[in-house]
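Biologist: Please choose a single part of this model and go through it closely, from one helix to the sheet, giving the cut-offs behind each term as you use it.

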Amino acid sequence: MNFAAQLFYSSYLNERLERLFSPKPAIKATEENDPFWHREELHPGPANPCDSYKGVPISNGGVGRRPTLIEPERLQDFGEEELLNGNVKVHEPRVVVEAPVITLKEPPKTRRVSEFRIVPRPTLLYLRFEDISAAAFTIQSGIQKTPCTYSRLSKQYSMEIYLKKEQLHYTGSVKERGALYLLSSLTQEQQRKGVIVATDCNFSLAVAHHAVELKIPVFAIMPSCCSSPRLRIYRDYGAMVISYGSASHDSKNHARHLANDNGYLYLEEDESATYLAGLGTVGMEIYEQVPKLDAVLVPAAGQYGLLAGTAAAIKHLSSHILVIGIEPQGFPLLLQSLKTDGPIKDIHSNPNTKLYGDLMESSLGNNTFQLAKKLVDKVISVSEEDSLVAMLRFQEFERSTVDTEGAMGLAAILAGQLPELRGKRVAVVVSSANMELDLVRQCVDRALVLEDRVSKFSVQLGEWPGDMAKLLDLLSREDVRLLDVSHRRHSDKSDLFTAKVECVVETRDKTQSAQLRKTLSERYPSLCWLER
């Protein structure tokens with residue numbers, strides 16, 4: 001102990017001894033006059049520093065002493081004093097020994113409830129509305145928002161018909177939506193290498209056009225059976241056209257070979273979520289353009305992606321809107337698949353290749369089938385004749401030309417297969433209008449015959465002057481358009497003094513055709529109506 005500490009210690013003991021042994025009157029100890037050092041609030045620690053606090057010498061996760069108000073160094077210098085029976089007792093300083101360290105055991109591991117039972121997770125949808133919204137945002141700068149206008153046919157069929165005119169796209173098909181989003185989703189490396197198509201269809205036309213717009217090299221491998229006007233369209237879009245093989249499977253195999261050797265991406269219409277999301281933007285636009293909608297009619301042809309994508313968008317926005325798929329009667333792939341509860345690869349039918357060219361390469365994938373099964377309310381089929389008549393209605397009332405696939409929605413209404421939609425507000429998707437001019441002319445002529453508006457008849461006329469003029473005058477008074485006339489003399493050996501006249505005429509409607517038949521039958525007993 002140093003000199004300063006000894007001096008301080010001796011003065012401190014002398015002062016305490018004088019205070020203790022000096023005579024004083026007896027005073028009852030109370031809380032007011034009790035010496036301050038006797039109060040418990042001034043002694044937060046134990047009397048003996050080595051004693052434990054409440055029997056558990058633990059502090060902050062470890063074993064040790066509870067901290068006191070006096071540092072351990074000062075206790076070693078001055079010792080410890082206690083008041084015992086009025087006597088001062090001085091103890092020698094003790095050496096503080098740390099208590100043994102007690103290591104706590106780790107708590108036992110517990111198993112979660114999920115480890116004992118299987119918790120079902122929500123199934124992920126193959127096509128989400130968020131994907132369709134993202135596609136709409138991506139393609140908005142490259143795809144125009146097509147109109148959805150009120151049709152003049154509405155009063156004739158007792159329902160409010162709105163036509164979503166997707167045939168107004170640059171390539172004349174709704175497939176542009178899916179093709180553009182598919183091309184925009186490619187990596188920069190793949191866009192730099194290029195893409196290749198090998199099927200003459202609306203999808204290939206859309207890929208050729210938008211690939212060039214995005215500065216992506218595009219190659220079109222087409223068979224020799226592809227017509228020259230179609231090949232010229234691909235070249236006008238900017239694609240590199242290569243003719244190979246005599247059939248479509250030859251051009252496809254060659255395209256895959258080129259893609260593997262040169263790193264091109266071979267594209268064909270499929271059921272990828274990216275492609276379906278692009279097609280689903282049609283449903284979003286219809287919902288925005290037609291308020292208080294009751295039903296949507298969608299062509300279910302090709303790869304059925306338009307039907308699945310549109311149904312996904314419509315049902316998310318409003319579940320009460322009916323989604324009805326329309327497919328050709330000669331190729332009811334979706335209807336047969338729904339009956340067997342599984343996608344069918346081939347139903348062994350022979351649809352008209354000229355009218356339904358895209359259907360020849362069609363297939364129904366499992367993902368598209370599951371979406372259609374879950375979201376589509378009804379699927380019906382329409383005949384070839386109804387589709388041709390619907391094409392004629394588009395030309396007469398809407399002043400537009402569409403193909404058979406684009407006319408299938410209206411064909412279902414004309415055929416009277418949807419009586420539950422009378423008085424309802426219905427949107428019809430007009431998907432495409434890609435048909436060669438000579439085929440359009442043949443379809444219109446066939447539709448006129450189906451409606452009894454073009455008729456062919458023959459009559460026996462005498463060789464007297466003026467008989468032919470009288471027949472033509474009668475047709476003129478009936479306001480009938482004469483399309484063709486054939487005058488044959490000596491056609492029948494039994495009567496050498498008569499001539500057979502064959503006429504092809506066109507009437508306004510069925511009523512005028514019936515009136516013409518009645519008038520000619522009364523005037524010419526030898527009248528014979530011929531089939532066209």
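Modeller: The expected span of a helix is 1.5 Å times one less than its number of residues, where helices (H or I, at least four residues) and strands (E, at least two) are DSSP runs numbered from the N terminus. The model is predicted, so local features need pLDDT of at least 70 and side-chain atom pairs count only at pLDDT 80 or more, while totals for chains, interfaces and linings use all residues. Residues are numbered from 1 along each chain as its sequence is written, and side-chain values use heavy atoms, with hydrogens and water left out.

Helix H15, residues 437-450, has 14 residues and spans 20 Å between its first and last C-alpha, close to the 20 Å expected at 1.5 Å a residue. Its buried residues (under 20% relative accessible area, with exposed over 50% and partly exposed in between, for a 1.4 Å probe and protein chains only) are Leu439, Val440, Cys443, Val444, Ala447, Leu448 and Val449. These buried residues pack against helix H13 (384-397), strand E15 (454-462) and strand E17 (498-506), contact meaning heavy atoms within 4.5 Å. After H15 comes Asp452, which has a positive phi, near 60 degrees.

Turning to the sheet, six strands with mixed pairing (at least two DSSP bridges between two strands) form an open sheet in the order E5-E6-E14-E11-E12-E13. Strands E5 (148-150) and E13 (378-382) stand at the edges with a single partner strand each, so one side of each is left without a neighbour in the sheet. From one strand to the next the twist averages 25 degrees. Strands E11 (residues 295-299) and E12 (residues 322-328) run parallel and are joined by five bridges, with Leu322 of E12 as the bridge partner of Ala295. Across E12 and E13 lies helix H11 (residues 333-340), running at about 135 degrees to E13; axes are lines fitted to C-alpha atoms, for helices over the stretch in contact, and angles run from 0 to 180 degrees between N-to-C directions.

Within this sheet, strand E14 (residues 425-430) includes Arg425, which is buried at a relative accessible area of 19%. The side chain of Arg425 reaches the backbone oxygen of Pro291 at 2.8 Å. Neighbours within four places in sequence set aside, the residues in contact with Arg425 include Glu160, Tyr162, Pro291, Asp294 and Ala295.

Key
Polar contact = N/O pair within 3.5 Å; in protein donor to acceptor, adjacent residues only side chain to side chain.
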